[in-house]
Amino acid sequence: MIYKGVEFTVTAVAPGIWTWQFHIGDRVIAGKTEAKLNLLAIRRVQLRIDRELKKAERDQPASRDPSAGRTSEKS
């Protein structure tokens, strides 16, 4: 499956236990979750992808554009 451009997998390993995996850049993130429904397990992985994408965005080096981040002042 693909969510926000990130391909991920969710696999049932036992009743109510799911393993998941996805890649962001060179990093492989994997884990387990407990959920009775497969859609709930998928949603939990999507939320984890959101967190990891936000973290990756914060970890990027700041822009070298000197005007980046400046706000215009109005008189």
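A residue is called buried when its relative accessible area is under 20%, exposed when over 50%, and partly exposed in between, using a 1.4 Å probe and protein chains only. By this rule K4, at 57% relative accessibility, counts as exposed. The structure is a predicted model, in which local features need pLDDT of at least 70 and side-chain atom pairs count only at pLDDT 80 or more, while totals for chains, interfaces and linings use all residues. Residues are numbered from 1 along each chain as its sequence is written, and side-chain values use heavy atoms, with hydrogens and water left out.

**Strands and sheet**

- Helices (H or I, at least four residues) and strands (E, at least two) are DSSP runs, numbered from the N terminus.
- Two strands are said to pair if DSSP finds at least two bridges between them.
- An open sheet of 4 strands follows the order β1-β2-β3-β4, with antiparallel pairing.
- Its edge strands are β1 and β4, each of which pairs on one side only.
- Helix α1 packs on the sheet and touches β1, β2, β3 and β4, where contact means heavy atoms within 4.5 Å.
- The direction of α1 makes about 30° with that of β3; axes are lines fitted to C-alpha atoms, for helices over the stretch in contact, and angles run from 0 to 180 degrees between N-to-C directions.

**Hairpins**

- Strands β1 and β2 pair in the antiparallel sense over 2 bridges, and I2 has E7 in β2 as its bridge partner.
- These two strands form a hairpin with 2 residues between them, and K4 in the turn has a positive phi of about 55°.
- Strands β2 and β3 run antiparallel and are joined by 6 bridges.
- A14 stands opposite I17 in β3, and V10 has W20 in β3 as its bridge partner.
- The hairpin of β2 and β3 also has 2 residues between the strands, and there G16 takes a positive phi near 85°.

**Nonpolar core**

- A nonpolar core is a set of buried Ala, Val, Leu, Ile, Met, Phe, Trp, Tyr and Cys residues joined through side-chain atoms within 4.5 Å.
- The largest such core has 14 residues, of which F8, V10, W20, F22, V45 and I49 touch the most other members.
- Strands β2 and β3 (17-24) and helix α1 each supply at least two residues of this core.
- Leaving aside residues up to four places away in sequence, F22 touches several residues, including F8, V45, I49, R27, R48 and E52.

**Salt bridges**

- Side chains of opposite charge can pair when their charged atoms come close.
- A salt bridge is a side-chain nitrogen of Lys or Arg within 4 Å of a carboxyl oxygen of Asp or Glu, and the structure holds 3 of them.
- K4 and D50 meet through their side chains in a salt bridge of 3.0 Å, N to O.
- K4 lies in the loop between β1 (2-3) and β2 (6-14) and D50 in helix α1 (residues 38-59), so the pair ties together parts that are 46 residues apart in sequence.
- D50 is partly exposed, with a relative accessible area of 23%.
- E52 forms a salt bridge with R27, their closest N and O atoms being 3.2 Å apart.
- This pair links distant parts of the chain, with E52 in helix α1 and R27 in strand β4 (residues 27-34), 25 residues apart.
- E52 also forms a salt bridge with R48, the closest N and O atoms again being 3.2 Å apart.
- Both E52 and R48 lie in helix α1, 4 residues apart, about one turn of the helix.
- R27, R48 and E52 are thus linked in a network of salt bridges.
- Within this network E52 is buried, at 8% relative accessible area, whereas R27 at 43% and R48 at 26% are partly exposed.
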